[in-house]
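Q: I have a new structure open and would like to learn how to read it. Could we go through it together, one feature at a time?

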Amino acid sequence: MSVKAKKHLGQHFLTDETIAKNIAYALTENGYDNVLEIGPGMGVLTKYLLQKKPKITVMELDRESVAYLHDVFPIEHLNLDTSKEKFEIIEGDFLKKEIAEIFDKKQVAIIGNFPYNISTQIVFKVIENREYVPEFAGMFQKEVAKRISEKEGSKVYGILSVLTQAFFDVEYLFTVPPTVFDPPPKVDSGVIRFIRKKDYSLPVDEKLFFRVVKTAFNQRRKMLRSSLKSFNLSDSLKEEPIFAKRPEQLSVQDFILLTQKLAENDLGN
């Protein structure tokens, strides 16, 4: 029995064992006893995760894959511990599940070869649940992986970069060619790792910070004094040096300072 990749689910099954092993090794295993793999398919990554100490929970939307993981996977890998204490299968959509509820508010690392069509939604859900997620690693479309991991000054640095790096240290690990997938996607993939910062709270109102970042990048070629005009900046504030910059020139810390400046001038309400 094998599972056929389904286009509507954005499935591209990884076929290269070395790459699967390297993705699994991206996890440091520091600070958690649970790992959640999103979209395991036929378990090419799962089998390497099961060689690690934490309990492995996999979440899969595709019923055919769920059946495979229940019935075939344990028989194919008799050398692995697939007991309930070590391995659990959940059928469902990660975007609709409550992480805190599933893991009883315990710390859990998240990993996977993410479907390209929902990968950014997965990132935003991890950001929302950062209190429970000390580590996050996986494969994205390379363009998205670069966008998340790039620093200020890069042309691809944007909303996703700032909002992710405000809470996590992000590292681009390696590039994966289309040829190692079945069916092969039309683009390269990139594997990245997020490690939660020791202080993952913001010294500013979080909603205002998100709003400032999104508003600034909505007109990324304009100086901030223009792109943030909806905040009703005073003439004196517009003259401050930071407002003569474009959003891609600002670091995460600069955006925090910018948000503080707007809040101090009572411009965030």
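A: Happily! Let's begin in helix α7 (residues 142-149), where R147 and E143 both lie, 4 residues apart, about one turn of the helix. Keep in mind that this is a predicted model.

Q: How far apart are the closest N and O atoms of R147 and E143?
A: Here is the general idea: side chains of opposite charge can pair when their charged atoms come close. In this case R147 forms a salt bridge with E143, with 3.0 Å between the closest N and O atoms. R147 is partly exposed at 27% relative accessibility, and E143 is partly exposed too, at 47%.

Q: How many salt bridges does a search of the whole structure find?
A: The search finds 8. One of them joins the side chains of E17 and K47, at 3.2 Å from N to O. E17 belongs to helix α1 (residues 17-24) and K47 to helix α2 (residues 46-49), so this pair ties together parts that are 30 residues apart in sequence.

Q: Is K47 buried or exposed?
A: Buried means under 20% relative accessible area. K47 has 13%, so K47 counts as buried. Its partner E17, at 35%, is partly exposed.

Q: Which parts of the chain does the salt bridge between K52 and E29 tie together?
A: These two side chains meet at 3.1 Å, N to O. K52 sits in the loop between α2 and β3 (55-60), and E29 in the loop between α1 and β2 (34-38), so the pair links parts that are 23 residues apart in sequence. K52 is buried at 12%, while E29 is partly exposed at 28%.

Q: Now for strands: which way do β6 and β9 run relative to each other?
A: Strand β6 (residues 135-141) and β9 run antiparallel, joined by 7 bridges. For one position to look at, E135 stands opposite I195 in β9. Strand β7 (residues 168-176) also pairs with β9 in the antiparallel sense, over 8 bridges; there, Y172 has I192 as its bridge partner.

Q: Why is β9 described as largely enclosed by the rest of the structure?
A: Strand β9 covers residues 189-196, and 7 of its 8 residues are buried, so the rest of the structure largely encloses it.

Q: Which residues touch the most other members of the largest nonpolar core?
A: In soluble globular proteins, nonpolar side chains tend to be buried together. The largest core here has 53 residues, and F136, F140, F209 and F255 touch the most other members. Helix α9 (residues 206-218) gives the most to this core, with 7 residues. A second, separate core has 34 residues, including A20, I56, F73 and I89.

Technical notes: Residues are numbered from 1 along each chain as its sequence is written. This is a predicted model: local features need pLDDT of at least 70, side-chain atom pairs count only at pLDDT 80 or more; totals for chains, interfaces and linings use all residues. Side-chain values use heavy atoms; hydrogens and water are left out. Buried means under 20% relative accessible area, exposed over 50%, partly exposed in between (1.4 Å probe, protein chains only). Helices (H or I, at least four residues) and strands (E, at least two) are DSSP runs, numbered from the N terminus. Two strands pair if DSSP finds at least two bridges between them. A nonpolar core is a set of buried Ala, Val, Leu, Ile, Met, Phe, Trp, Tyr and Cys residues joined through side-chain atoms within 4.5 Å. A salt bridge is a side-chain nitrogen of Lys or Arg within 4 Å of a carboxyl oxygen of Asp or Glu.
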